[in-house]
Structure formats: structure tokens, C-alpha cells
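Trainee: Please choose one part of this structure, look at it closely, and then place it within the whole.

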Number of protein chains: 4
Amino acid sequence: MSRISYIEDFSAWEKEFSFYVPISVRFSETDMYGHVNNVSPFIYFEEARIAYLNSLGVISKDMRQTEGVIVSDLQCNYLKEIYFGDDIRVYVKTASVGTTSFDIHYKVVREEEVVLTARGRLVYIDTEKKVPRKLSDEMKQKLLSDILHFDNVAANL
Amino acid sequence: MSRISYIEDFSAWEKEFSFYVPISVRFSETDMYGHVNNVSPFIYFEEARIAYLNSLGVISKDMRQTEGVIVSDLQCNYLKEIYFGDDIRVYVKTASVGTTSFDIHYKVVREEEVVLTARGRLVYIDTEKKVPRKLSDEMKQKLLSDILHFDNVAANL
Amino acid sequence: MSRISYIEDFSAWEKEFSFYVPISVRFSETDMYGHVNNVSPFIYFEEARIAYLNSLGVISKDMRQTEGVIVSDLQCNYLKEIYFGDDIRVYVKTASVGTTSFDIHYKVVREEEVVLTARGRLVYIDTEKKVPRKLSDEMKQKLLSDILHFDNVAANL
Amino acid sequence: MSRISYIEDFSAWEKEFSFYVPISVRFSETDMYGHVNNVSPFIYFEEARIAYLNSLGVISKDMRQTEGVIVSDLQCNYLKEIYFGDDIRVYVKTASVGTTSFDIHYKVVREEEVVLTARGRLVYIDTEKKVPRKLSDEMKQKLLSDILHFDNVAANL
């Protein structure tokens, strides 16, 4: 596990998640290898990310048309195969917050086992000018609220 | 084959197609049964339908924002399994033209073999008021141009 | 609504469903028209169909490798647009049972409104010889158990 | 661009690709934001990867059932939005070869513009014992044949 570049201490990292969405694997998300296709986890990350940002109030239906949050990069490590019928939980947390962007991490768990880990950067943008915007203090606060109760987070900020 | 409700005479029907798009089956479109998932053909029909309507000039980038063509129903008969790596052709033709809507048929062929047949109704609508619009004579002409050279089409009109 | 070929009396038909699965629309299942892509309902029907047949005990993990149930045709009528964030219920019922095949119907409901209707034939097959098998009395019983408590079902059998 | 962790010198990196597959964006691969959903590129990478490994002869239909190549991780950077109707090319190259695994890189180009970059590790495994296998000299040769004509590759090996 030491090879996952964005996780320093796996057993500490694992404990820093609280928000999750339960995901039900769709049959069409399997492939001819008999398990979940390697594309499908990114579908689950998207579901979980939207639910997470809504729950924090970082995105909402009241956002102005001129602001948005876009995906800048995504990265997934496949630890175990996932099968049709598996009940999985996709956990999400904020890992670090910058001036115009923030990183979130994902942990996918089946029963007690971590089957996938992932991360990705999100950028807050002006959707008309297509340039990054500064995160407001309120947005930062909301994002940080998810992580500040973990001791080892400070290092990321 | 006699069971396909929208095809009276299969060997006549088969010959009435000229437009097609070649489709390359994606690995992610297979499922754990080892062949193309039964959802995937509808992806192919959509590709073929858009290409077909563009080629006839029935839809185009110059369409007013207030007009559009929407899918009212879709129906597919699965004759043979399709596998990853198969080269298939998705044929499309207009089967009948009404006042505000028209029916198109699909035939999917692998080498010389028909693997799928399908049909669906499209409705020309006012996208603001969300009500059907009358097809203009020009649109009807374009749609009919695809079929008028077949003797047995008259019956549908 | 009178145009849906497989529904004689919509208000009677509507009432004959009891089994359903709740479906959460995935963001990736929308398209650039801003609502759920017309391919996505077939993903939902597959989910609901598998859950339904499992619940009746018609398919199970204990099935012999030589038997299976395959989709012979599928048909969907789009009544209302579905949006990301909508909570929908996909209802399934057996509509008729034949010697080697059976028809099931689908009703998709958002709040109190029917947004999609659909049907499809399933065939019980010998997966090695790729030919239809006769449904056992037990299978027929299980399928019929879902519908026999509705008065107007007899006509379909 | 300096932020892409797996690319040291973008203009050198860009030139090291020769193999590509043309990809036609499917309508269903867009989302309600009006462009290609962020999940879809991973579908394209899979297509391109399979075609690439087949072209090198690293995977083939003659592979024993006990051997296979699996995805260990995947990573994508989104540089520009992709739209329905865009003609894109997905380039693939081997970036480095290890004892039981190898890294491949992806470059997605629309006209002359790089719209996506990506990388991922593939592991050669014993599909029964589910453990990594040593790459044979022949496999290494095939993978290296794609890159040895580039001066700056040596550093990766």
C-alpha cells in the first residue's frame, strides 16, 4: 500500500473519513471480466462528490450562474475487485484547501475492507471567463469544518 | 422473426436501408455475461439517429432554440449476441411520417447477419411550450426523400 | 396515452404493480440536454428486473450453469423528462406467462406521476444449446403469484 | 502545466507518442454541463489501451487463461473541455517497464490541442493465484520497442 502517492500513513488516513454515500453497483457497470469495469468507480466518485459538496453547502442550487466547481484531475488506485451485488460505501473527505482549489480524497469500502482509494483536485471557477476564482472565507470554512477535528490535518494546510 | 410487430415482411424490410454508421463496440459496453449489455444498443441507436437526421438536414446547428426533436418511444429486438471487437453497422431509415412526428427504424448488421432490429417515434416540438409542432413541408420532404424510392413505402404514409 | 400499444386501460394498469426498487439517478446518466439521457432508463429497467426476479426466486445464485433468462425485446415510452436529483421508483410486474417466455411491464414514478412506461419479453433458455427451455410449473407459479390477485390479469394468460 | 506530476517536460513528452486510436464521442457520454462527462475519458483510455497492447502483441486472444494484465491505478488531468461531435485522438505510449508491471501514458488531442493527459500502471498477473507474474523478456522487448527510439526514455527504465 505504501505506493499510493497521496497517502502517507494508510491507517491514519483511513480513519479520517466520516461522510459517505451508499452505492448500489449496477449490472451494466460490470464488464466481460465478470466484475465492475475500471471506469465505473469514477461514476461513484462523482455521485459521492456532489452529495458531499451539497452536504457542506459548498455547492447549491442557489449558486450564481457565473460560479462553479470543476474537476481538474482524478486518480484512482484499484485494491480489490468489486462485484455486482456488492454493497459499497464511498467515503469522501477534504484533504487540503488552497486559494482557488481544494483536494478531496475518496475511500471505497465493502464491509470492512478498503477496495479503492482515490483523490482529485477541484477548482472554483468563473464559468463565464473560464478562470479560477478565489475561494471565499465561508467556503474555506465549510471545507475545513470537515477536517479540522483531525489532528494530523494541519500539515496539509 | 414473424413476431417483430413493426416488421411485416422481413426480407423486404431489410432491403430498404441505405444510410448507416459504423460502430465500434467499447469494452465498457460489455457486461459480466461476456457480451454487449442489453442497454448498449440504445447508445448506438442514438449515435446513428443523430448522424442520420443531420445527414438529411432535419436537425442542424442552425435550428432555432425553440424547436427540437425528441424521442417519444423506443423498441428493440435482440436477435443475436454482440461481442467486444465486433464491427457492426447501424442502419437507419424513415418508416413513416405523420403531422408532428415520424417513425424511424434501425437494423444492426454484423457482417451479413442482422443482430438487432429496432424502431422509435420522434416528435418535433416547441422546446419552450413543450408541445408538438407541425412538421414543415420541407422537413417532410427530407424525411420522405430517404424512402420514396422504395415501392412498398406508400402504404405507411 | 392511448397510443401505448401494450397498455389497454392505463388507470387499471397503473394499479397492478406492487414490487419496486428506488433508483437514484447518477449525474453521468444525464446528457447535454440537461435531463436524463434516453438510454439511461434501460439501465434502471435492468436493475429493477434483476431485483424482481430474485425476489420471486425465478433467478438465483443456485441456478444451474445451463439455464438462464435472457432479454428478447424491450420497449419504452417516455412520458416526462427525468432530472438529476429526482427520486424515482421503478415498478415491475409480470404481465403474461407463456411456455418458454414471459412478459414483464415497468412503470417509473416520480412522486405521484408516471414518467416512463415499458415492457419486455424474457426467454428462459438452455445457455449451452442456446435454445428456449420450457418454464417449469414452479417458475410459472412464482411469476403468476405476482399477478393472480388482480382481477383483470386472467385475460393475459 | 507544470503541475502534472508524471510529466517532467511537456513539450518533450508530447512528441514521444506514435500509436493512437481515433475516438468518436457518443452523445450519451456528455452530461448536463453540455460537454463530455469527466467519467468518459476513462472509457476512451480503455479502448486505446486494449488496441495498443494488441498492436504490440503484449495481449492477444492466444494468451493462456492463467495470465492477464490488470489496471492497478489510473490518473487523468483535464486540460480542456471536450464536446459532442469533437474528433479526438487518444495516443498511448509505454513510459516505463518494471519487473511485473509497466506504466503507460495517454495524450488526448483535438486538432492540434492536447485536451487530456493521463497515466496508469498495468500489472501482469497470474489470474488464478491472483499474484503478479514476472514479465517475460519478450513482453519487455515488445513494450520497450515502442519507446527505445526516443532519447530521453532511458531515464525511466
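**A hairpin and its surroundings**

Mentor: Strands β3(C) and β4(C) form a hairpin, with three residues between them. Helices and strands here are DSSP runs numbered from the N terminus, a helix (H or I) having at least four residues and a strand (E) at least two. The model is predicted, so local features need pLDDT of at least 70 and side-chain atom pairs count only at pLDDT 80 or more, while totals for chains, interfaces and linings use all residues. Residues are numbered from 1 along each chain as its sequence is written, and chains are lettered from A and ligands numbered from 1 in the order in which they are written.

The two arms of the hairpin, β3(C) and β4 (residues 101–110) of chain C, pair in the antiparallel sense over nine bridges; strands count as paired if DSSP finds at least two bridges between them. Within this pairing, Lys93(C) stands opposite His105(C) of β4(C). β3(C) has a further partner: strand β1 (residues 19–24) of chain C runs antiparallel to β3(C) and is joined to it by six bridges. There, Val21(C) stands opposite Val90(C) of β3(C). Of the 11 residues of β3 (residues 87–97) of chain C, eight are buried, so this strand is largely enclosed by the rest of the structure. A residue is called buried if 20 or more other C-beta atoms lie within 10 Å of its own, exposed if 12 or fewer, and partly exposed in between, with C-beta atoms placed from the backbone.

Helix α2(C) is one of the elements to consider next. Its buried residues pack against β1, β2 (67–78), β3, β4 and β5 (113–126) of chain C, and also against α2 (40–56) of chain B. Contact here requires C-beta atoms, placed from the backbone, to lie within 7 Å. Among the buried residues of α2(C) are Pro41(C), Phe42(C), Phe45(C), Glu46(C), Arg49(C) and Leu53(C). The 17 residues of this helix (residues 40–56) should span 24 Å at 1.5 Å a residue, and its end C-alpha atoms are 25 Å apart, which agrees; the expected span is 1.5 Å times one less than the number of residues. After α2(C) comes Gly57(C), with a positive phi near 80 degrees.

Ala118(C), in strand β5 of chain C, gives a view of this packing from a single residue. Ala118(C) is buried, because 26 other C-beta atoms lie within 10 Å. Leaving aside residues up to four places away in sequence, Ala118(C) touches Pro41(C), Phe45(C), Leu74(C), Gln75(C), Cys76(C), Asn77(C) and Tyr106(C). Its C-alpha atom is separated by 6.5 Å from that of Lys107(C), 11 residues apart along the chain.

Chain D may be read alongside. The buried residues of α2(D) pack against α2 (40–56) of chain A, together with β1 (19–24), β2 (67–78), β3 (87–97), β4 (101–110) and β5 (113–126) of chain D. Among those buried residues are Ser40(D), Ile43(D), Tyr44(D), Ala48(D) and Tyr52(D). Helix α2(D) reaches 25 Å from its first C-alpha to its last, close to the 24 Å expected for its 17 residues. Just after α2(D), Gly57(D) takes a positive phi of about 85 degrees.

The relation between chains follows. A rotation of 180 degrees, with a shift of 0.0 Å along its axis, superposes chain A on chain D with an RMSD of 0.0 Å. The fit is by least squares on the C-alpha atoms of residues with pLDDT of at least 70 in both copies. In chain A, the C-alpha nearest that axis belongs to Gln75(A), 2.0 Å from it. Of the interface residues of chain A, 100% are also interface residues in chain D, so the copies meet through the same surface.

Chain B can likewise be laid on chain D by a turn of 180 degrees and a shift of 0.0 Å along the axis, with an RMSD of 0.0 Å. This is the relation of a two-fold axis. Ser24(B) has the C-alpha of chain B nearest the axis, at 4.7 Å.

As for the single chain, chain A contains three helices and six strands, in the order α-β-α-β-β-β-β-β-α from the N terminus. Its C-alpha atoms fill a box of roughly 45 × 35 × 25 Å along the principal axes. Of the 157 residues in chain A, 38% are buried.

How values were computed:
Two residues are in contact if their C-beta atoms, placed from the backbone, lie within 7 Å.
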